[in-house]
Amino acid sequence: MHHMTAPHRRRATIVAAALVPLLALTACTTGTSAKTTNSAPTDGVLTVGLLGDIGQPPDPDIYYANNGTAIIINTYEGLVQYKNDVSDVQIAPRLATSWTVSADKTVYTFTLRKGVTFHDGTPFTSAAVKVAFDRRIAVKGGAAYMVQGVKSVGTPDDLTAVVTLDAPNSAFLDELASPFGPKMESPTGLAKNAGSDNAQTYLMTQDLGTGPYELTTAQTGTRYELTRYDKYWGTISPFTTIKLPVYSDPSVLELAFDKGDVSMIAAALPSSALKKYSKTSYSTSYFLPTLQSALITVNPSKSFFSSVDARMAFMSAIDKKTLVKQVLGERSEVATTMYAKGMIGGGADKQTIAYDPSRMKSFAKTASDKKLVIGYATGNTNAQQIANILAAQLIADGLNATAETYTTSTVFGWANDPTTGPDAFIDGNNGPDGGSPYLWGHVFWDKTGGIDYFLCDNPKTDELLNQALATGDESTYVRAAAEYESTGCYLQLSYNKDWVVAQNWLTNVAKAQNLGANELDFSLLGIKK
Amino acid sequence: MIAFLAKRLGITIVLLFTLSAIIFFLESIAPGDPVKAYLGANASRVDVLAERHRLGLDEPTIVQFGRFLAGLAHGDLGVSFRTHRAVTADFAVYLPATIELVVFAFVFAILLAGGFAFSAALRLPGSSVYRGILLVGSTAPPFLLAIFGIVLFYQQLDWLPASGRGPDDAGPTGFLVIDTLAHADLPGLASTFQHLLLPGLVLAIAPAIGIGRILRSSLESTLSADYVRTARSKGLSGGRVLVSHVLRNSIGPAISMSGLQLGFMFAGVVVVEQVFSWPGIGNYLANSIPVSDFPAIAAVTLVLGAIYIATNAVVDLLQAAADPRLVT
């Protein structure tokens, strides 16, 4: 038997004595805070915590990522936007007060808002529309496609812009309403600061928009700051400054919010924090509609899923209701359609794959290759949980299933060679650029789109989507969806909501959000009296 | 000595070349598509392919490597796919933040190590609690220690901030201690130190134990030496014996260990910068890896490698200066 020597005993005692208060303190901090409220700011500063940097420069013609949309939509405006505070897709005025569309969907005529000025003080006129479209093409950002079909922009007067397209496009208004859609930028400012890169350097740290706020600080990876534009044509916000500090760790962001140093967190915290914020007395959780979803895609280039039967058996084994309830909770609802919620009237684009675990059990018995990898993106805890649950279920069916993590870059690299990808992939949260079914179908189902990870393509679907784009006919979109569902490559698991946690004193949160933006219009937020 | 210096320089160049070749090799075999980071997640396949061609990413690895080396020779580290800025411009922002943090933490580590070593060697009463806390801290993973520090000093006690560097404007040098001093901005200087304390402490604890243990062993060995007993018997004060005789003869191994630990601190700064949202190259690297922002990853790796090699070279030089027999 080993006996401790006296010095060892003394050392152990010292270490234990040091550990006890540390552990006790840690235990004290795991409980819910006793405080009941965090007070509203009196200095006009709203602090919105960002989880991770915005990822790209806050230039509206370049930015095509996630949380930086908050900066874009508060400093720039497009001609139209999605209507705030509604759960379906409705185009609403912004810098255009009204518009008409030709019967063949090639000519869009906009009447522009009077009295709008850019942040450099110059007036907004129809001339800015063509300049903005031209710049978007010139800088070749990821969302440049939205104006690639523009043949000409007529400016019969200062407040009328006539956009003529090369070909019929029923989704054009959706593209303009998208948070990634073309925004109006001061032609004078662009010319003055053009440099050798179409003002890209200038717009990394400043803005040339018309929005309610001006970008006054942009320290990549550290913080961004917006200052109220007092000559804004619309609602003047009670907040003179919006601070957007970047937090790298979600638990530190939560602590800052709990302490009141952060006023609001939008779409940044994992679902595991839902329970905590349903109990706090100082904050309110808002679950706001979006076009985002959790998706499951399978890889037809892998031997396991080379047949439609295998893919359908796998999709049938997914218990959507249980998964959504167990993992995603209140921030999601079970998806019943192929496109995002509300894209097709009456939900006619219904998903028909029914839950039937026996199909996969039978298939597993006869499968020659029993190895199966379910992937998820690194850092997406919801997707990770779903992947783990599915893997466990498949193991019970007799397969050798594992859940594996992949970096964002790796996920996007699969399209170069789908055989390098996993057998299936859980996409915890993804969405289209806008509310048109075309923008959904093209991106997720067409191999030339952006997020058909494993290039699972059905030419008939592509053909129908292109037909529907020209006409806007919903029944054609429904047929395209049905065609794609027959591939067995795709299942929409849930409609995800935008989970915003805000201090109790913050008001109008729902009114400041629209389902296309996933971020809030800060100028519409208020302070509880 | 000149031959020794030339040899070290040659080795440094070879090591950095090898490091950059390894980075390129790994990048060429790693799956992933950095162009999506550049264009955006939803970018179409046609746009991605066109951009890949424009950026030269579809060229053979050897061609890309040659271009990288040519750029490196001219001080051009390429353009970050993520920030769309020259990597050198990003470094001008992030590197001072990391250097400031590591230097602060290093000073912190030396002080903690000194306290650890002297209190143990001299058997100061009650000091075992201090050493116990340091030992416990050094055994905890840095991220856990960081979270614990934030919970204690930010959430519970409200003494220290949890993230960022403090004053908003970086000033001319990017080193906030220098910039705030240059502008006689005392509140800014105080805020800078407040922000440095917690990440600095987290970064310092493990190296402090490493250095402290070496120093304690040396001190204990020297304290029992005959010449120390002789010095005491001559009536020299305890302080003078400690500084002039004991410390001077014990510090050599601790200096070597300090050099090594300084290199390790630069390499280990990534986790600490992540938790404290410290805008340094560690955070820059952590944000660049998931999107395969190769120019940024390569540049940070090379710079960290160069710092590590340079630190060790300085230690070698100091040792060589102290013991000419090493210069052979």
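The following exercises, each with a worked solution, concern chains A and B of a predicted model.

Residues are numbered from 1 along each chain as its sequence is written, and chains are lettered from A and ligands numbered from 1 in the order in which they are written. In this predicted model, local features need pLDDT of at least 70 and side-chain atom pairs count only at pLDDT 80 or more, while totals for chains, interfaces and linings use all residues; side-chain values use heavy atoms, with hydrogens and water left out.

**Exercise 1. Overall description of chain B**

Task: state how many helices and strands chain B has, and describe its box, burial, contacts, surface and charges.

Solution.

Step 1. Take helices (H or I, at least four residues) and strands (E, at least two) as DSSP runs, numbered from the N terminus. Chain B then has 14 helices and zero strands.

Step 2. Along the principal axes, the C-alpha atoms of chain B fill a box of roughly 85 × 55 × 40 Å.

Step 3. Buried means under 20% relative accessible area, exposed over 50%, and partly exposed in between (1.4 Å probe, protein chains only). Chain B has 328 residues, and 49% of them count as buried.

Step 4. Contact means heavy atoms within 4.5 Å. Among the contacts in chain B with a separation of 6 or more, 70% are between residues 24 or more positions apart.

Step 5. Accessible areas come from the Shrake-Rupley method with a 1.4 Å probe; for residues, only the protein chains shown count as cover. The accessible surface of chain B is about 15,100 Å², and carbon and sulfur atoms hold 70% of that surface.

Step 6. Count Lys and Arg as positive and Asp and Glu as negative, leaving out His and the chain ends. Each charge is placed at NZ of Lys, CZ of Arg, CG of Asp or CD of Glu. Chain B has 20 positive and 20 negative side chains, with the centres of the two sets 16 Å apart.

**Exercise 2. Salt bridges**

Task: find which residue forms a salt bridge with D59(A), then describe two further pairs.

Solution.

Step 1. A salt bridge is a side-chain nitrogen of Lys or Arg within 4 Å of a carboxyl oxygen of Asp or Glu. By this rule there are 20 salt bridges over all chains.

Step 2. The partner of D59(A) is R135(A), and the closest N and O atoms are 2.7 Å apart. D59(A) lies in the loop between β1 (45-51) and α2 (69-75) of chain A and R135(A) in helix α3 (residues 127-139) of chain A, so the salt bridge ties together parts that are 76 residues apart in sequence. Both residues, D59(A) and R135(A), are buried.

Step 3. The pair belongs to a network of salt bridges that links D59(A), D61(A), R135(A), R136(A) and E185(A).

Step 4. D230(A) forms a salt bridge with R228(A), at 2.8 Å between the closest N and O atoms. D230(A) is exposed, with a relative accessible area of 54%.

Step 5. In chain B, R67(B) and E59(B) form a salt bridge at 2.3 Å, N to O. R67(B) is partly exposed at 41% relative accessible area, and E59(B) is partly exposed at 32%.

**Exercise 3. Strand β18 of chain A**

Task: decide how many residues of strand β18 of chain A are buried, and identify strands that pair with β18(A).

Solution.

Step 1. Seven of the seven residues of strand β18 (residues 490-496) of chain A are buried, so the strand is largely enclosed by the rest of the structure.

Step 2. Two strands pair if DSSP finds at least two bridges between them. Strand β13 (residues 293-298) of chain A pairs with β18(A) in the antiparallel sense over five bridges. I296(A) has L491(A) in β18(A) as its bridge partner.

Step 3. Strand β14 (residues 332-334) of chain A also runs antiparallel to β18(A), joined by three bridges. Here V334(A) stands opposite S494(A) in β18(A).

**Exercise 4. Selected residues of chain B**

Task: locate A254(B), and say whether A184(B) and S292(B) are buried or exposed.

Solution.

Step 1. A254(B) is in helix α11 (residues 238-267) of chain B. A254(B) is buried, with a relative accessible area of 5%.

Step 2. With neighbours within four places in sequence left aside, A254(B) is in contact with I211(B), I214(B) and L215(B). A254(B) and S217(B) are 37 residues apart in sequence and 9.7 Å apart in space, C-alpha to C-alpha.

Step 3. A184(B) is not a glycine, yet has a positive phi of about 50°. A184(B) sits in the loop between α8 (176-182) and α9 (186-223) of chain B, and is exposed at 61% relative accessibility.

Step 4. S292(B) is not a glycine either, and has a positive phi of about 50°. S292(B) is in the loop between α13 (281-288) and α14 (294-322) of chain B, and is buried at 10% relative accessible area.
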